[in-house]
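Thanks for coming, everyone. I'll put the model up and then walk through what I'd like you to look at.

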Amino acid sequence: MHSPATPSSARWLAIALTGVLAVGVGVLAVAAYQHANPDLSDLSAEPAPTFDLGVETTEPTPEVTQTAEAIARSEERFLAIGDGVWWRATAGSCGTTEPLVERSTDAGASWIDVTPRYRAIGQIASLDPLAGTEAEMVAAMGEACETQALRTYTQGTYWDSYPDVLPAIRYIDPLDPIVVHIGGGQTTEAPCANPTGLRASGDVVALICDGTAHRWIDGAWQPIEVAGATALAATPPSLLIAHTDTACPGVAITEVADTTALVGCLPEADPSAPLALTRDGEAVRAWSDETVSEVAAP
């Protein structure tokens with residue numbers, strides 16, 4: 001049989017139980033505090049969350065403006081119309097690309113090759129009608145690419161050199177394009193390193209630099225504010241300019257004199273391809289692709 005507990009032992013048991021309960025409560029309090037106030041000293045920063053909204057986003061691509069490249073000098077074209085005879089030529093390049101001279105007596109329906117290969121012609125720098133049915137040109141000749149003035153009085157069958165004529169002709173030097181011969185045996189520098197398309201008649205002398213026509217006026221090159229120039233024709237007192245323009249599909253033709261006016265369009269012409277331009281009486285004609293055609297009114 002167990003003996004009943006004494007008052008003294010019961011009191012000590014109550015004190016022990018109270019201590020155990022106090023320790024348990026303390027442990028629970030500390031745990032609760034740590035849960036509400038975590039120690040962040042050992043945690044590294046995490047990246048900010050990203051959200052996929054279902055829409056693909058990309059960086060904008062910079063807009064690229066495309067411009068037509070300048071026509072190579074070897075591909076430059078010439079067109080000249082005399083009294084019932086048409087002449088045309090491609091420039092060629094001395095020592096690398098053969099030039100071509102052609103003649104037509106049926107308004108461009110057919111062409112005859114009259115290139116003076118027997119003279120070792122290497123490059124053409126100008127072509128103009130002469131004496132109604134004849135023509136003259138400046139060309140680089142032979143292995144040395146010597147610049148000569150050639151004339152034909154046999155409708156292209158034979159061409160002869162005329163040294164006394166050369167100083168009077170205006171042209172871009174075949175060997176050094178920055179040198180421009182402006183007549184009277186004088187030269188001047190072009191307004192750019194690679195000029196093209198020089199055309200001269202009377203007091204009208206002009207060339208193209210970087211898509212801008214420049215006219216020789218009072219001893220200096222004056223730019224003409226017609227953008228995108230590709231070919232010229234000197235038609236005193238005016239200058240015809242083939243160029244790109246929103247007013248015309250293909251190529252636009254503008255006449256510049258005291259005023260500037262759009263005179264016609266070549267809707268089928270490629271503005272990046274070689275083109276030659278001239279006046280035929282009241283008409284304006286252009287050699288584009290394989291055809292010489294009249295410029296249509298805008």
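Let me start with a term I'll need in a minute: two strands pair if DSSP finds at least two bridges between them. And please keep in mind that this is a predicted model.

Okay, with that in hand, go to strand 20 and strand 21. They make a hairpin with two residues between them. In that turn sits glycine 281, and its phi is positive, about 65°. The two strands run in the antiparallel sense, and there are six bridges between strand 20 and strand 21. If you want to find the register on your screen, take alanine 276, whose bridge partner in strand 21 is tryptophan 287. Another one to click on is threonine 278, bridged to arginine 285 in strand 21.

Now zoom out a bit. That hairpin belongs to an open sheet of three strands, ordered 20-21-22, with antiparallel pairing. Strand 20, residues 275-280, and strand 22, residues 291-294, are the edges; each has a single partner strand, so one side of each has no neighbour in the sheet. How much are neighbouring strands of this sheet turned against each other? On average it's 25°, ignoring direction.

A quick reminder for anyone who doesn't live in structures: strands of a sheet pair through backbone hydrogen bonds, and they can do that parallel or antiparallel.

There's another open sheet I want to show you, this one with four strands in the order 1-2-3-4, and it's antiparallel too. Its edge strands are strand 1, at 77-81, and strand 4, at 112-113, and each of those pairs on one side only. In the middle, strand 2 and strand 3 are antiparallel partners over five bridges. Alanine 89, for example, has valine 101 in strand 3 as its bridge partner.

Right, on to the cysteines, which I suspect is what you bench people came for. How many disulfides does the structure hold? Three. Count the bonded cysteines along the chain and the pattern is 1-2, 3-4, 5-6.

Take cysteine 94 and cysteine 145. Their sulfur atoms are 1.7 Å apart in the model, and they form a disulfide. This pair links distant parts of the chain, 51 residues apart. Cysteine 94 is in the loop between strand 2 (86-90) and strand 3 (100-104), while cysteine 145 is in the loop between strand 6 (134-141) and strand 7 (146-152). The link is left-handed, with -100° about the S-S bond. Buried or exposed? Cysteine 94 and cysteine 145 are both buried.

Next, cysteine 192 and cysteine 209, joined with an S to S distance of 2.1 Å. Cysteine 192 is in the loop between strand 11 (186-189) and strand 12 (196-201), and cysteine 209 is in strand 13 (residues 204-209), so the disulfide ties together parts that are 17 residues apart in sequence. The link of cysteine 192 and cysteine 209 is left-handed, at -80° about the S-S bond, and both of these cysteines are buried.

Then we have cysteine 248 with cysteine 265, S to S 1.8 Å. Why is this disulfide left-handed? The torsion about the S-S bond of cysteine 248 and cysteine 265 is about -50°, so it counts as left-handed. Cysteine 248 lies in the loop between strand 17 (238-243) and strand 18 (251-256), with cysteine 265 in strand 19 (residues 260-266), so this pair ties together parts 17 residues apart in sequence. Cysteine 248 is buried, and cysteine 265 is buried as well.

Last stop, the empty space inside. The count comes to one cavity of 30 Å³ or more, and the largest cavity holds about 90 Å³ of space. It's lined by 14 residues, and the closest to its centre are Arg73, Glu76, Phe78, Ala125 and Ile172. Which elements give two or more residues to that lining? They are strand 5 (121-130), strand 9 (170-172) and strand 12. Strand 12 has the largest share, with four residues. As for what kind of surface that makes, the lining has eight nonpolar, three polar and three charged residues.

That's my tour, so let's have your questions.

How values were computed
Residues numbered from 1 in each chain as written. Predicted model: local features only at pLDDT ≥ 70, side-chain atom pairs only at ≥ 80, totals over all residues. Heavy atoms only, no water. Disulfide = S-S within 2.5 Å. Buried < 20%, exposed > 50% of the residue type's maximum accessible area, 1.4 Å probe, protein only. Axes fitted to C-alpha atoms, helices over the stretch in contact; angles between N-to-C directions. 1 Å grid on protein atoms, 1.4 Å probe; cavity = no way out; pocket = protein on both sides within 12 Å on 5 of 7 lines; lining within 4 Å. Points joined across faces, edges and corners; volume = space filled by probe spheres on them. Nonpolar A, V, L, I, M, F, W, Y, C, P; charged D, E, K, R; others polar.
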